[in-house]
Amino acid sequence: MELNELKKILKALSNDARLKIFMMLKDKKLCAYHLLDKLNVTQPTLSHHMKVLCDCGLVIAEKDWKWTYYSQNKTKIKEVEYFLSTLI
């Protein structure tokens, strides 16, 4: 993992709303509708947060007709975990 990639991931998680979203996706897929229902943000704001999380690779978006389902990218999480473990 490159340092710039790690910085992008850590920056994405440094936002309270994105960290909350990421934690909500632990072990399950949720559609944007359900995320909006649990957060106090507008749809455009949620879209921005999801773009940031997807762009850094932490979250995977899957389209199903008119809905988008989001889940954690376990592979990317393991890469981050491994990289951080090499620092100690």
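Begin by selecting H49, which lies in helix α4, and keep in mind throughout the tour that the model is a predicted one. With a relative accessibility of 8%, H49 counts as buried, because the cut-off for that word is under 20% relative accessible area. Now show what surrounds the residue: leaving aside residues up to four places away in sequence, H49 touches N15, A17, R18 and I21.

Of these neighbours, take N15 next, which is found in the loop between α1 and α2. N15 is partly exposed, its relative accessible area being 25%. Although N15 and H49 are 34 residues apart along the chain, their C-alpha atoms are separated by 9.0 Å. Display the side chain of N15 as well, and look towards the start of α2, where a side-chain oxygen of N15 comes to within 2.9 Å of the backbone nitrogen of A17.

**Helix α2 and its partner α4**

From A17, extend the selection to α2, which covers residues 16-24, and colour R18, I21, F22 and M24, the buried residues in this helix. These four cover an arc of only 160° around the axis, which puts them on the same side of α2. If you turn the view to the face directed away from that buried side, you will find the exposed residues D16 and M23.

Next bring α4 into the same view. What angle do α2 and α4 make where they pack? The angle is about 70°, and the axes of the two helices are 10 Å apart; α2 and α4 are therefore roughly perpendicular to each other. On the α2 side the contact is made by A17, R18 and I21, while α4 contributes L46, H48, H49, M50, V52 and L53, so that the H49 selected at the outset, a buried residue at 8% relative accessibility, belongs to this contact.

**Helix α1 and its two sides**

Move now to α1 and select its buried residues, L6, I9 and A12. Seen down the axis of α1, these fall within an arc of 125°, so they line one face of the helix. The reasoning behind such a pattern is general: an α-helix has 3.6 residues a turn, so residues three or four places apart point the same way. On the other side of α1, select L3, N4, K7 and K11, which are exposed. To see what covers the buried residues of α1, show the elements that include α2, α4 and α5.

**Where α1 meets α5**

Keep α1 (residues 3-13) on screen and add α5 (residues 74-85), with which α1 packs at an angle of about 110°, the axes lying 11 Å apart. That angle makes α1 roughly perpendicular to α5, and the crossing of the two helices is left-handed. For the side of the contact that belongs to α1, select E5, L6 and I9, and for the side that belongs to α5, select K76, E79, V80, F83 and L84.

Just ahead of this helix, pick E2, which lies in the segment before α1. Is E2 buried or exposed? E2 is exposed, with a relative accessible area of 59%. A distance drawn between the C-alpha atoms of E2 and F83 comes to 9.2 Å, for two residues that are 81 residues apart along the chain.

**Two loop residues with positive phi**

Select D27, which is found in the loop between α2 and β1, and whose phi is near 65°, a positive value in a residue other than glycine. At 61% relative accessibility, D27 counts as exposed. Then go to W65, placed in the loop between β2 (59-64) and β3, where phi is also positive, at about 60°, although the residue is not a glycine. W65 is exposed, with a relative accessible area of 74%.

**Last stop, strand β3**

From W65, continue to β3, made up of residues 67-72, and select S71 within this strand. S71 counts as buried, at 11% relative accessibility. Leaving out residues up to four places away in sequence, S71 touches L25, K28, K29, L58, V59, I60 and E62, and showing these neighbours together with S71 completes the tour.

Terms used:
Residues numbered from 1 in each chain as written. Predicted model: local features only at pLDDT ≥ 70, side-chain atom pairs only at ≥ 80, totals over all residues. Heavy atoms only, no water. Buried < 20%, exposed > 50% of the residue type's maximum accessible area, 1.4 Å probe, protein only. Contact = heavy atoms within 4.5 Å. Arc of directions from axis to C-beta. Polar contact = N/O pair within 3.5 Å; in protein donor to acceptor, adjacent residues only side chain to side chain. Axes fitted to C-alpha atoms, helices over the stretch in contact; angles between N-to-C directions. Parallel < 35°, antiparallel > 145°, perpendicular 65-115°, else oblique. Left-handed = near helix turned anticlockwise from the far one by under 90°.
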